[in-house]
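Colleague: I would like a close look at one part of this model, the surroundings of ligand 1. Which residues come nearest to it? Please work outwards from there and keep to what the coordinates give.

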Amino acid sequence: MIDLFNLSGKVALVTGGTQGIGLAIGMVLAKAGAKVCVNGRNEEKLLSCREAFRKEGLDVYTLKFDITDENDVDKGITEIEREVGSVDILINNAGIIKRIPILDMPVSDFKEVIEIDLVATFVMAKRVVPKMIEKRSGKIINICSMMSEYGRKSVSAYASAKGGLKLLTKNMCVEWAKYNIQVNGIGPGYIATEMTGALREKGNPFNDLVMSRTPAGKWGTPEDVANAALFLASKASDFVNGHILYVDGGILANFGYVKGENEI
Ligand code: NAP
Ligand code: GCO
């Protein structure tokens, strides 16, 4: 049974995996036996990522490239194919958010979020999938969001990207399932990382909102998301395709409730 989750001999690439959710995913995949590659744009973060893996007795291959730059992506994947092997598991994790109301948001900011959070996944998959098709095997996991399902004031660009990512995931599934490639999404709830740091600052009422909307009554951890990624990266999920697995502590199940003595 455990063999179902054994990733020995597989090459995994986690984009933006130097911190937060991506770092946790890379660690879990490495612990399951995968040869893990991590990319980012920041040299210092890549160094700290290597240190974090070393402390766990794990190997990682890090490389610096911007996922929005097609030439950069081609060079990065070519290096991975030469130095490590062709990618078996692609985790499209890298992402940014800009919390600005629509009328105040410069078009350039909107485009930047769409480029990184949506278009880059299209770029990465186009470069990696041909070898998966040759091998008749592959796993792609796109990191979506609660905002793949909801709008929220000030995150229009992010929600547009993550909503699009949900449907891009389904389109990748229908085009590549016949090659034994499974393409799924993970939709994390509210997870304690740098991206949500501002929302968790002392006195920010947003924390109350998250607590009231999350039946589990807590913020999730990067490891909660990584464990779901292990399932979707493994043989155990070979017949799961085009699915968005929400790791949200029950948020999507919850309309909300009225606080009080007799909560309703
Ligand atoms: P994070 O801590 O801010 O990490 C984001 C990572 O993306 C960073 O390592 C960053 O590396 C990388 N990145 C950004 N732009 C990049 C680019 N152009 N090229 C390469 N790498 C790039 O965020 P997180 O919370 O771990 O989120 C990871 C993913 O989960 C994102 O897609 C996010 O939208 C999604 N998500 C997060 C939550 C949450 O509550 N935290 C919930 C749902 C979904 P550099 O700084 O080196 O560029
Ligand atoms: C926000 C948060 C969310 C989380 C996540 C929820 O401003 O609402 O940043 O977008 O990051 O995407 O699933």
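Modeller: A disulfide is a pair of cysteine sulfur atoms within 2.5 Å. By that cut-off the whole structure contains zero disulfides. For Cys-49, the closest cysteine sulfur is that of Cys-37, 11 Å away and therefore too far for a bond. For Cys-144, the closest is in Cys-173 at 13 Å, again too far for a bond. Both residues can also be placed by burial, where buried means under 20% relative accessible area, exposed over 50%, and partly exposed in between (1.4 Å probe, protein chains only). Cys-49 is buried at 0%, and Cys-144 is buried at 2%.

Some conventions come before the site itself. The model is predicted, so local features need pLDDT of at least 70 and side-chain atom pairs count only at pLDDT 80 or more, while totals for chains, interfaces and linings use all residues. Residues are numbered from 1 along each chain as its sequence is written, chains are lettered from A and ligands numbered from 1 in the order in which they are written, and side-chain values use heavy atoms, with hydrogens and water left out.

Now ligand 1. A residue is near a molecule if one of its heavy atoms lies within 4 Å of it. There are 30 residues around ligand 1, and those that come nearest are Arg-41, Lys-45, Asn-93, Tyr-158 and Thr-193. For the individual contacts, a polar contact is a pair of N or O atoms within 3.5 Å; within protein, one must be able to donate a hydrogen and the other to accept it, and residues adjacent in sequence count only if both atoms are side-chain atoms. Arg-41 places a polar side-chain atom 2.5 Å from an oxygen atom of ligand 1. From Ile-67 the partner is a backbone N or O atom, 3.2 Å from a nitrogen atom of the ligand. A polar backbone atom of Gly-189 is 3.5 Å from an oxygen atom of ligand 1. Taken alone, ligand 1 exposes 890 Å², of which the protein buries 95%; these areas come from the Shrake-Rupley method with a 1.4 Å probe, and for residues only the protein chains shown count as cover.

The space that ligand 1 takes is the largest pocket. A pocket is found on a 1 Å grid over the protein atoms alone: it is an open set of points where a 1.4 Å probe fits, with protein on both sides within 12 Å along at least five of seven lines, and its lining residues have an atom within 4 Å of a point. A molecule sits in a pocket if more than half of its atoms lie within 2 Å of its grid points. The elements that give two or more residues to the shell around ligand 1 are helix H1 (20-31), strand S2 (35-40) and helix H5 (156-176). Helices (H or I, at least four residues) and strands (E, at least two) are DSSP runs, numbered from the N terminus.

Ligand 2 belongs in the same account, as the space it takes is also given as the largest pocket. It is surrounded by 14 residues, the closest being Arg-99, Ser-145, Arg-152, Tyr-158 and Tyr-190. Tyr-158 is thus named among the closest residues for ligand 1 and for ligand 2. A backbone N or O atom of Met-146 lies 2.8 Å from an oxygen atom of ligand 2, and a backbone N or O atom of Pro-188 lies 2.8 Å from an oxygen atom of that ligand. Tyr-190 contributes a polar side-chain atom, at 2.8 Å from an oxygen atom of ligand 2. Taken alone, ligand 2 exposes 330 Å², and the protein buries 96% of that.

Beyond helix H5, the loop between H5 and strand S6 (181-188) contains Ala-177, which counts as partly exposed at 35% relative accessibility. Asn-180 is found in that loop between H5 and S6. Its phi is near 60°, a positive value in a residue other than glycine, and Asn-180 is partly exposed at 37%.

Arg-136, in the loop between helix H4 (107-135) and strand S5 (138-143), has a phi near 55°, also positive in a residue other than glycine. Its relative accessible area of 47% makes Arg-136 partly exposed. Ser-86 lies in the loop between helix H3 (70-83) and strand S4 (89-92). Its side chain makes a polar contact of 2.7 Å with that of Lys-135, and Ser-86 counts as buried at 18% relative accessibility.
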